[in-house]
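Biologist: Could you take one part of this model and go through it slowly with me, in full sentences, as you would for someone in a first year of study? I would like to follow how that part sits among its neighbours.

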Amino acid sequence: MAITVGDIYGQFPNFRPEDMIKLCNGNENLNGRTVVPLANIAAFNDNNLSIFAAEREGKNYTNLLPKNARTQINQEAGIVDNTPDKKPGVNLQHQQAIPMDTSIFAIKSENISDKKAPV
């Protein structure tokens, strides 16, 4: 999906044309199908516009925001924030099972000759 000039004017009928030109990189030849770059919306710093963009584009948009703004916009737009710092490590179970204060030479190996290979 993409956010167009028509989408923004449809949601915000009082949006200033000067601001729309800024959002479209100074392009003055706009129509309702002109696509507005998400990075420009993120840099515009309008809370209502950011919530609208987050509801339409989801993570594609909110990943462009700084961390503190991303959390607020995700909450207001109803987007679940699964940033990497909130997820447990993938190998957390293995990290807890490996003793980190023991040398590999101190760990006793199993006697492999006592085991028989499956037939």
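Modeller: In this predicted model, helix H4 covers residues 47-57, and its buried residues are Leu49, Ser50, Ile51, Phe52, Ala53, Ala54 and Glu57. These buried residues pack against several other helices, namely H1 (5-11), H2, H3 (38-44), H5 (59-62) and H6 (67-77).

The two ends of H4 can be described in turn. At the start of the helix, aspartate 46 places a side-chain oxygen within 3.1 Å of the backbone nitrogen of asparagine 48. At the other end, H4 is followed by glycine 58, which has a positive phi, near 65°.

Phi deserves a closer look in the loops as well. Most residues other than glycine have a negative phi. Asparagine 45, in the loop between H3 and H4, nevertheless has a positive phi of about 60°, although it is not a glycine. With a relative accessible area of 68%, asparagine 45 counts as exposed, because that value is over 50%. Asparagine 25, which lies in the loop between H2 and H3, also has a positive phi, near 60°, without being a glycine, and asparagine 25 is exposed too, at a relative accessible area of 60%.

From here we can turn to the helices that H4 packs against, among them H1, H2 and H3, and to the aromatic rings found around them. A pair of aromatic rings is described by the distance of the centres and the angle of the planes. There are three aromatic pairs in the count for this model. In one of them, the ring centres of tyrosine 9 and phenylalanine 15 are 6.3 Å apart and the planes stand at 80°, so this pair is edge-to-face. Tyrosine 9 is partly exposed, at 27% relative accessibility, whereas phenylalanine 15 is buried, with a relative accessible area of 10%. Phenylalanine 15 also pairs with phenylalanine 44, and this pair is tilted, with 6.0 Å from centre to centre and 45° between the planes. The pair joins distant parts of the chain, since phenylalanine 15 belongs to the loop between H1 and H2 while phenylalanine 44 belongs to helix H3, 29 residues apart. Phenylalanine 44 counts as partly exposed, at 24% relative accessibility. Taken together, Tyr9, Phe15 and Phe44 form one aromatic cluster.

Helix H2, residues 17-23, contains aspartate 19, which is buried at a relative accessible area of 14%. Aspartate 19 and phenylalanine 44 are 25 residues apart in sequence, and their C-alpha atoms are 8.8 Å apart in space.

Technical notes: Residues are numbered from 1 along each chain as its sequence is written. This is a predicted model: local features need pLDDT of at least 70, side-chain atom pairs count only at pLDDT 80 or more; totals for chains, interfaces and linings use all residues. Side-chain values use heavy atoms; hydrogens and water are left out. Helices (H or I, at least four residues) and strands (E, at least two) are DSSP runs, numbered from the N terminus. Buried means under 20% relative accessible area, exposed over 50%, partly exposed in between (1.4 Å probe, protein chains only). Contact means heavy atoms within 4.5 Å. A polar contact is a pair of N or O atoms within 3.5 Å; within protein, one must be able to donate a hydrogen and the other to accept it, and residues adjacent in sequence count only if both atoms are side-chain atoms. Rings of Phe, Tyr and Trp (its six-membered ring) pair if their centres lie within 6.5 Å; planes under 30 degrees apart count as stacked, over 60 as edge-to-face and the rest as tilted.
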